[in-house]
Structures are given as structure tokens and as C-alpha cells.
Protein chains: 2
Amino acid sequence: MAKVAAGPEIQRLIQLLARLPGLGPRSARRAALHLVKKKEQLLEPLTSALAETRDTILTCDACGNIDTQSPCTLCRDQARDRSLICVVEEVGDLWALERAGVLNGLYHVLGGTLSPLDGVGPDDLAIAKLIARASDPNVKEVLLALNATVEGQSTAHYLMDQLAGANVAVSRLAHGVPIGGELDYLDEGTLAAAVKARKPM
Amino acid sequence: MAKVAAGPEIQRLIQLLARLPGLGPRSARRAALHLVKKKEQLLEPLTSALAETRDTILTCDACGNIDTQSPCTLCRDQARDRSLICVVEEVGDLWALERAGVLNGLYHVLGGTLSPLDGVGPDDLAIAKLIARASDPNVKEVLLALNATVEGQSTAHYLMDQLAGANVAVSRLAHGVPIGGELDYLDEGTLAAAVKARKPM
């Protein structure tokens, strides 16, 4: 008797929604009901937005960003500084840096981090493509904006070795106290890094 | 410069995803990226599931359930007990009771609760339809399965008055300690109700 109430179409929708990050089975049910209730305002526009995304989305051949054209909007933008390539793990990191609006260079999405235990080696990431881009004489600096995790940092060290042959400066993001962060809640590693890199006021 | 990275199609998708209950702007971005990454496994099936839902979904004229046919699967099911009507606030409550699998009667979705402050009066809910259904001589019992909130309970009292003329028994859900609930974490109202309604072991 259980589960008959919703009908197979809705059940399938709930199962698919539950696979989105941030939604579980219970919130997927709530989301499905909300969609059905707001048919004109939400279900219809969301359906067409997804269909449009499905039909138009591309991965940029140059940098790995997601866009509707390749090379992507960022790579095409002639106002951007072509001497700086900022290397990130995932497209989400690129978006985060763009939201911050502090970088006017180009990006390079690796597609993850090196992880021998998970079978992810250099050939599984966009590393050869990065070395090729870094060899362009216009490129002066490669900023390794990888996560401050063990995997991110060991990947950064590997990249630094690989980039030794290219005539570029290699930099990394600064470590320190996040803006708004309370010292009491920070780990020892962050505090040690912040003290070590202290600046005159 | 900020926000250009994602392109207008993706921005629109993120905005729509952020309107789902349980997702905020940040988790909507993560969900959109996840969808784009899992194009075949998730984006395409979700798009067609939403399109199918948009094209087939109906509200049951009899009980207010959501289904692809009206009367709905539950109302059509001749194995169900037509002498019992279980009144719920929302379709989600109907689904929850069906998942529990304890009721073999029919349902009636009110569409909310009475709320004079929000301008929700009896005519805004499916109350007249309920009274009409309860007047059917086959109906013996109306179970008011409304939320144990002030709004739910005052709506239940209003319905009890309205149903006085119909020849039906009116019941409500039992109050008590939820299964798995720890007394220490329960409010005084629930504990008082559980003591008052105590049963011999």
C-alpha cells in the first residue's frame, strides 16, 4: 500500500531530486511537492532552464570552464590579463574566485587533485594542457589556487615541479585568518600560518 | 566582473534551483554544477522527469491528492475502505500517512488551515467539499489528521462543528510520546498528553 499515493512519475522525480547535493529523500519529496504546487512559477521555468542547459552547455577546450561557447567567455575576453593563469581544482572554485572579483587573469581547471589511493594520476587531470599553456611566452605567472587540503597541497607541489621548465613565476594563495574568523574557533595550523606570515600594521 | 563566469543560462538555472525548499544560493550553485557534470546520468533524466510531471500532473477533483488521473489512484482503488475519510492539511501529509501504510480509507486534502490573520477563511479551504463527501451515507468516520499546531487544532475544532450535522463519527490522531522519542527532549504539552492518555500494559 505504501508509496502508491505519489504515482510513478512523481516517484521518479523525487529519486532524481534526491541525487542533488544538499537534498536527501525527505527534502526531495518536499521539493517535488513544491514544484507541483508552483507549476507556472517554478516547475515550468525550471524545466526549460534545465533543457536549455542540457542543450547549450559546453566545457571550454582551453581552460575547462563551463559555458555555452568554447573558448569560454572568460578566455575570449580581451580585457583580461593573459599573463596570469590561475589554476583551480573544480569549476566551482573558478566561480568562487570570479564572485570575489579579485582576479583579472585566465583560469585553468584541473578537474580534481592527484590521489594515488583513488587511482587519480597526472594523466587524469588537465596537467599536460596546463604545462603547454604555461609555455606560451605571454604567460608570466601561474597562481596555484588549490584547496588548503593535503590533496590540494601535494598536487600544488607536483605542479610546481612540472612548471620548473616553463619560464613562469609560480605562486600560491596566502594562508591566514579568514575575514570575520574568530581565533578561538580556528585550528592550530591556520593560526601558526597566520603568525608566521604576520604583516606590519 | 563578478558572476560573468557562469553565463546567463546557468545563472537562471541557479536562481530557480535556489527557490526549491532546502536549497539556498550556495547549495543551488553546487547542485547546478553537479547537474552539468553528470549530464547523462542526472541532468537529462531530471529534465525529462520534470517535463513529464509538468505535462501529466493533476489535482484529484474528489480528494485533492496529486496524480496523473482524476479521480486519483487512491480514490479509484476499490479495495480501499470507503467508510473512512482521513482529512489532512497538505498532500505531503497524505504521502506521509501512505508511507506509514496504516490507513486503508480515502483522504481529503484541505489545502491548509484556517488562519484569520493571514486571510485564510473556510471558503479558501476544501471544507464545503468535505461536508458534502461526509454526507454520503457510506461514510461512517471522518479522521481529522491535522498537525498538532494551534492552527491545525483550531481548524479541527471548526471542522468538528461543521460535521455535527452529518451522520459520521469524528476522530483525531492520538497524542503521545513519538516512537524512539526521549522523554528528556519532549515538551511539557506532549508529556502531559501522554500521561493523560496512558494505557495499561
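In this predicted model, the secondary structure of chain A adds up to eight helices and six strands. Read from the N terminus, the elements of chain A follow the order α-α-α-β-β-α-β-α-β-α-β-α-β-α. So how does the radius of gyration of chain A compare with the globule rule? The radius comes to 22 Å, well over the 17 Å that the rule gives for 201 residues, so chain A is more spread out than a compact globule. Along the principal axes, the C-alpha atoms of chain A fill a box of roughly 65 × 45 × 40 Å. Of the 201 residues in chain A, 41% are buried. As for contacts in chain A between residues at least 6 apart in sequence, 45% of them link residues at least 24 apart.

Next comes the way the two chains sit together. Any two copies of a chain can be related by a rotation about an axis plus a shift along it. Here, chain B lands on chain A after a rotation of 180 degrees with 0.0 Å of shift along the axis, and the RMSD is 0.0 Å. The two copies are thus related as by a two-fold rotation axis. Within chain B, the C-alpha nearest that axis belongs to T47(B), 2.9 Å away from it. Both copies use the same surface, as 100% of the contact residues of chain B recur in chain A.

The matching residue in the other chain, T47(A), lies in helix α3 of chain A, which covers residues 39–56. Is T47(A) buried or exposed? With a relative accessible area of just 3%, T47(A) counts as buried, because the cut-off for that label is under 20%. Setting aside neighbours within four places in sequence, T47(A) is in contact with T47(B), L50(B), A51(B) and R54(B).

Helix α1 of chain B, residues 7–17, is another piece that is tucked away. Eight of its eleven residues are buried, so this helix is largely enclosed by the rest of the structure. Those buried residues are G7(B), E9(B), I10(B), Q11(B), L13(B), I14(B), L16(B) and L17(B). Their packing partners are α3, β2 (66–67) and α5 (91–100) of chain A, together with α2 (25–37) of chain B.

One residue of that helix, L17(B), turns up again in the nonpolar core. In soluble globular proteins, nonpolar side chains tend to be buried together. The largest nonpolar core of this model has 74 residues, and L17(A) and L17(B) touch the most other members. Not counting residues up to four places away in sequence, L17(B) touches L46(A) from the other chain, along with L23(B), A28(B), A31(B), A32(B) and L35(B).

Chain B also holds an open sheet. Four strands make it up, in the order β4-β3-β5-β6, and the pairing is parallel. Which strands of chain B stand at the edges? These are β4 (106–109) and β6 (169–172), each with a single partner strand, so one side of each is left without a neighbour in the sheet. From one strand to the next, the twist averages 25 degrees. Strands β3 (residues 84–88) and β5 (residues 141–144) of chain B pair in the parallel sense over four bridges, and C86(B) stands opposite L143(B) in β5(B). Helix α5 of chain B, residues 91–100, packs on the sheet and touches β3 and β4 of chain B. The direction of this helix makes about 155 degrees with that of β4(B).

Conventions
Residues numbered from 1 in each chain as written. Chains lettered and ligands numbered in written order. Predicted model: local features only at pLDDT ≥ 70, side-chain atom pairs only at ≥ 80, totals over all residues. Heavy atoms only, no water. Core = buried A, V, L, I, M, F, W, Y, C linked by side-chain atoms within 4.5 Å. Buried < 20%, exposed > 50% of the residue type's maximum accessible area, 1.4 Å probe, protein only. Contact = heavy atoms within 4.5 Å. Least-squares fit on C-alpha atoms with pLDDT ≥ 70 in both. Pairing = 2+ DSSP bridges. Helix = DSSP H or I, 4+ residues; strand = E, 2+ residues; numbered from the N terminus. Axes fitted to C-alpha atoms, helices over the stretch in contact; angles between N-to-C directions. Rg over C-alpha atoms; globule rule 2.2 N^0.38 Å.
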